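Colleague: I'd like a close look at one part of this protein before I get lost in the whole thing. Could you pick a stretch of strand, show me what it pairs with, and then follow the packing outwards from there?

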Amino acid sequence: GGLAEQCFSCGVRFGGKVRRHTCPRCEAVFCKEHCSMARTIPEEEGKPKKRCNVCSKCAVALDEQCLLEHRKAALARVEQFLAGTLPPYVQDMEDTMRLKAMRIARGALAVAKSLPLPSHIRLTLEGIDICRRYGVQALGGLLLRDEVFEAINMLLRAVGEIDGLRVRDVCIGLYYLMAYQRWLRGNSPMGEEMEHRQKGSELSEEALALLLEVAPLALFVCYEVTEVGAQRLGQLRGYDLLGCYIADPADRLRRTWFLFAHRENKTAVVAIPGTASAIDIVTDIKTAPRSLEVAYGATFTAHAGMLESARLIHWELMEALKALRGAGYRVLLTGHSLGAGVAAVLAFFVRQTVPDVQCVAFGSPACVDIGFSYELESYVTTVVYCDDIVPRASVGAVQGLINDVRGVHEHWSGHLNEDLRATMARLREVWAPRYRRSHTTLSPQHPPNPGSP
């Protein structure tokens, strides 16, 4: 294979800028484009397990092998749990230099931010932390709140370059748009609550109990990065960890999942975590939706990535969930953020073999069409907390926000100049405190602060 003159997949000839890349599994020779899929090759014939780039054919074969192994492992652990012989997960004590360096860096930053340092040093530390989370464009607005950076990143990740608007325009437009929305809420503090009361209904005690049952698993436990950590936190709630798959962060298709079971309550829960940041929610927001044909002739549409992730998890856990349901366990699905969308779609597949499955989706993004949402309505409960941006991060909502920013953009220049003049005036006064005239006694030598009512 190493003497091949052209790529085994596309036929491009090697030489110059086109270099040979040998797939370590099949040992065929490819160009870089066709041998760039990172996969873990299991141990075989005394060779240690290793992660490397393989060709697309070997990647598919390794994925199928991995799915089959997880399916068998999940079913085996469920059978052991039902028989009372479930072995616990154990911790691998390997601690690499990379992990140590990351812990030191995070700890140093946290300690430095807590010290009584001069303001310019604290501002530098805040800038480093914000850039770490939101990117270099955050340097332009350290006086804005973190939510603004998150919204800006979501806009740019969702639609790319916005015609006619620069990054500065988007930053300032969002700032004034948020101020306008706060003004609207201030004029009608109860308006949003009244709107929800008119369109919604009171939560039943049964539904509330279901939310409280799965919330710790969806919002806290399943964000553990190790099996032992999730096992320990689950046991504090009375749940045993029957199985899990912790996905590679670079893998946009496979999702992490955990399968818990409560022996006394006879409840099994599949928990799917979301992303570490809301910014990643819209990474694939422009992905073309995929159609799903069902048995009774209807055709639904869902987000392609979430649909495929749900299919893979269903294939892995189908036999395990059937065994638990056959043993009298109630089956619940839950997830948060991106994981909530996957859990909602997964509920549709699981319902085919477990008809009474229930799903609670915390902060689920828009991932299905209106017809699919009506299908899921009877057994999927979605929970949205206040102004959470993730459930609103659909293509239509993002486009609507861009239109609002454009509308504000026509008027903010005058407000910006006025605010800059007022800020400079405050700086000249060394940020003097401002009081209401009715609460102070001012002599003629001390005129009231500009802008005081």
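Modeller: Happy to! Let's start with strands E5 (residues 240-245) and E6 (residues 257-262), which run antiparallel and are joined by five bridges. Please keep in mind that this is a predicted model. One rung to find on your screen is Cys244, whose bridge partner in E6 is Phe258. E5 has six residues and five of them are buried, so the strand is largely enclosed by the rest of the structure.

What does the E6 side touch? Leu259 belongs to E6, and a good way to see its surroundings is to list its contacts beyond the neighbours within four places in sequence. They include Asp240, Leu241, Leu242 and Gly243, which are residues of E5. Other contacts of Leu259 are Val78, Val269, Val270, Leu317, Ala320, Leu321 and Leu324. Of these, Val78 falls within helix H1 (56-83), and Leu317, Ala320, Leu321 and Leu324 fall within helix H9 (304-326).

Leu259 also stands out in the wider packing. The largest nonpolar core has 45 residues, and Leu259, Leu333 and Phe348 touch the most other members. Helix H10 (residues 338-350) supplies the largest share of this core, with ten residues. Apart from it lies another core of 21 residues, and Phe260, Leu332, Val360 and Phe362 are among them. As background, nonpolar side chains tend to be buried together in soluble globular proteins.

Now let's move to the aromatic rings. The whole structure holds eight aromatic pairs. In one of them, the ring centres of Phe81 and Tyr329 are 5.9 Å apart, and because their planes meet at 65°, the pair is edge-to-face. Phe81 is in helix H1, while Tyr329 is in the loop between helix H9 and strand E10 (330-336), so this pair ties together parts that are 248 residues apart in sequence. Both rings sit in buried residues: Phe81 has a relative accessible area of 0%, and Tyr329 has 2%.

A second pair has another geometry. Phe300 and Phe372 have ring centres 5.0 Å apart and planes at 15°, so they are stacked. Phe300 is in strand E9 (residues 299-302) and Phe372 is in helix H11 (residues 370-376), which makes this a link between parts of the chain 72 residues apart. Phe300 and Phe372 are both buried. Ring pairs also connect them with Phe348 and Phe349 in a cluster. That brings us back to the core, where Phe348 was one of the residues touching the most other members.

Finally, let's return to helix H1 for the charged side chains. Phe81 has Arg263 over its face, at 4.1 Å from the ring centre. In the same neighbourhood of questions comes Arg71, which lies in H1. The charged end of Arg71 sits over the ring of Trp315, 4.4 Å from the centre of that ring. Beyond the neighbours within four places in sequence, Arg71 is in contact with Trp315, Glu316, Met318 and Glu319. Although Arg71 is an arginine, it counts as buried, because its relative accessibility is 16% and the cut-off for burial is 20%.

Conventions:
Residues are numbered from 1 along each chain as its sequence is written. This is a predicted model: local features need pLDDT of at least 70, side-chain atom pairs count only at pLDDT 80 or more; totals for chains, interfaces and linings use all residues. Side-chain values use heavy atoms; hydrogens and water are left out. Rings of Phe, Tyr and Trp (its six-membered ring) pair if their centres lie within 6.5 Å; planes under 30 degrees apart count as stacked, over 60 as edge-to-face and the rest as tilted. Helices (H or I, at least four residues) and strands (E, at least two) are DSSP runs, numbered from the N terminus. Buried means under 20% relative accessible area, exposed over 50%, partly exposed in between (1.4 Å probe, protein chains only). A charge sits over a ring if NZ of Lys or CZ of Arg is within 6 Å of the ring centre and within 35 degrees of the ring normal. A nonpolar core is a set of buried Ala, Val, Leu, Ile, Met, Phe, Trp, Tyr and Cys residues joined through side-chain atoms within 4.5 Å. Contact means heavy atoms within 4.5 Å. Two strands pair if DSSP finds at least two bridges between them.
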